[in-house]
Amino acid sequence: MKPQPDARLERVLATLALMVIALISFANVVVRYVTDASFAFTEEISVFLLVVVTFAGAAVALRRNGHIRIGLVERALPPGPRRVLIALQGLAGLVVLGLITGYGAQMAWQEYHWQSLSPGLGVPQWWYLVWLPLLSLAMLVRLVQQTLDRLRGGLDDES
C-alpha cells in the first residue's frame with residue numbers, strides 16, 4: 001500500500017478553524033443560557049472560519065485525489081489519450097483556480113484600499129477576504145501536484 005499524499009498545512013489550518021468554531025459556539029451557548037445574552041462576534045467569525053475550513057479541506061482533498069470525478073471515459077482510454085485528458089482536466093482546474101486567486105486578490109486589495117469594515121465587528125474586511133486568494137492558491141498548488149502524480153501514474157482512482 002502506497003502512502004497517501006498529504007497537505008499537512010491545510011489540514012492543520014482546517015482543524016484549528018473547526019476547533020475555534022466549536023469553542024466559540026459552545027461558549028456562546030453557555031453564555032446565552034446563563035445570561036440570556038449572546039456574543040455578537042460568533043456568527044461573523046464562524047462564517048469566516050467555515051470558508052477557511054471549506055477551502056483548506058478542498059486543498060487536502062485535491063492532494064489526496066479525493067474529489068469526485070467520473071472516470072469511466074478516462075479508464076477506457078489507452079495510456080496516451082488518457083494522459084492528454086488528465087492534462088486537460090488539470091489545465092481546466094488551473095484556469096478556474098487561477099481566476100479565483102486573481103479576482104480574490106483583487107477584491108482583497110480593493111477592500112484594503114477602501115478600508116472597508118466588517119458589519120458585525122468593525123474589523124477591516126480585507127482580514128477575511130485575504131484568505132480567499134491564499135487558500136485558492138494553495139488549492140492551485142495541490143492541483144498541480146495531483147495532476148503531475150496522475151500523469152506519472154502515482155495516483156489510483158480506484159482507491
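**Figure 1. Glutamine 115, out in the open in the loop between α4 and α5 of this predicted model.** Start with a residue that sticks to the outside: glutamine 115 is exposed, with a relative accessible area of 63%. The α5 helix that follows its loop covers residues 126-129. The backbone is worth a look here too, as phi of glutamine 115 is near 55 degrees, a positive value in a residue that isn't glycine. Most residues other than glycine have a negative phi.

**Figure 2. Asparagine 65, another positive phi, this time in the loop between α2 and α3.** Asparagine 65 has a phi of about 60 degrees, again without being a glycine. Is asparagine 65 buried or exposed? Asparagine 65 counts as buried because its relative accessible area is 13%, and the cut-off for buried is under 20%. Its loop leads into α3, residues 72-76.

**Figure 3. Asp6, Arg11 and Arg64 joined in a network of salt bridges.** Aspartate 6 is the residue to keep your eye on. Its side chain meets that of arginine 11 with an N to O distance of 2.5 Å, and it also pairs with the side chain of arginine 64 at 3.2 Å, N to O. The arginine 64 pair links distant parts of the chain: aspartate 6 sits in the segment before α1, arginine 64 in the loop between α2 and α3, and their positions lie 58 residues apart. How accessible are the three partners? Aspartate 6 is partly exposed at 27% relative accessibility. Arginine 11 is partly exposed as well, at 32%, and arginine 64 gets that label at 31%.

**Figure 4. Arginine 63 and aspartate 149 in a salt bridge between two helices.** The closest N and O atoms of this pair are 2.7 Å apart. Arginine 63 belongs to helix α2 and aspartate 149 to helix α6, so the bridge ties together parts that are 86 residues apart in sequence. Both ends are tucked away: arginine 63 is buried with a relative accessible area of 12%, and aspartate 149 is buried at 17%. The structure holds six salt bridges, if you want to look for others.

**Figure 5. The largest nonpolar core, a set of 17 residues.** Which of its residues touch the most other members? Those are Ala17, Phe48, Leu49, Val52, Leu62, Leu97 and Met139. The elements giving two or more residues to this core are α1 (8-35), α2 (42-63) and α6. Of these, α2 gives the most, with eight residues. Zoom in on alanine 17 and, once you set aside its neighbours within four places in sequence, you'll find it in contact with Leu49, Val52 and Val53.

**Figure 6. A nonpolar patch of about 800 Å² on the surface.** Val84, Leu88, Leu91, Leu94, Val95, Leu99, Tyr103, Val144 and Leu148 make up this patch. Two helices, α4 (79-114) and α6 (131-151), each supply at least two of its residues. The largest share comes from α4, which puts in seven. Take leucine 88 as an example: it is in helix α4, and it is exposed, with a relative accessible area of 52%.

**Figure 7. Glycine 154 and proline 5, set side by side.** Glycine 154 and proline 5 are 149 residues apart along the chain, but 9.9 Å separates their C-alpha atoms. Glycine 154 lies in the segment after α6. Its relative accessible area of 35% makes glycine 154 partly exposed.

**Figure 8. Stepping back to the fold that frames these close-ups, six helices and zero strands.** Read along the sequence, the pattern is α-α-α-α-α-α. The radius of gyration is 20 Å, well over the 15 Å that the globule rule gives for 159 residues, so the protein is more spread out than a compact globule. Along its principal axes, the C-alpha trace spans about 65 × 40 × 25 Å. Of the 159 residues, 31% count as buried. The exposed area comes to about 10400 Å², with carbon and sulfur atoms supplying 70% of it. As for contacts with a separation of 6 or more, 72% are between residues 24 or more positions apart.

How values were computed
Residues are numbered from 1 along each chain as its sequence is written. This is a predicted model: local features need pLDDT of at least 70, side-chain atom pairs count only at pLDDT 80 or more; totals for chains, interfaces and linings use all residues. Side-chain values use heavy atoms; hydrogens and water are left out. Patches are made of residues with over 30% relative accessible area and no salt bridge: like charges are joined within 9 Å, nonpolar side chains (Val, Leu, Ile, Met, Phe, Trp, Tyr) within 5 Å. Accessible areas come from the Shrake-Rupley method with a 1.4 Å probe; for residues, only the protein chains shown count as cover. A salt bridge is a side-chain nitrogen of Lys or Arg within 4 Å of a carboxyl oxygen of Asp or Glu. Helices (H or I, at least four residues) and strands (E, at least two) are DSSP runs, numbered from the N terminus. Buried means under 20% relative accessible area, exposed over 50%, partly exposed in between (1.4 Å probe, protein chains only). The radius of gyration is taken over C-alpha atoms; the globule rule is 2.2 Å times the number of residues to the power 0.38. Contact means heavy atoms within 4.5 Å. A nonpolar core is a set of buried Ala, Val, Leu, Ile, Met, Phe, Trp, Tyr and Cys residues joined through side-chain atoms within 4.5 Å.
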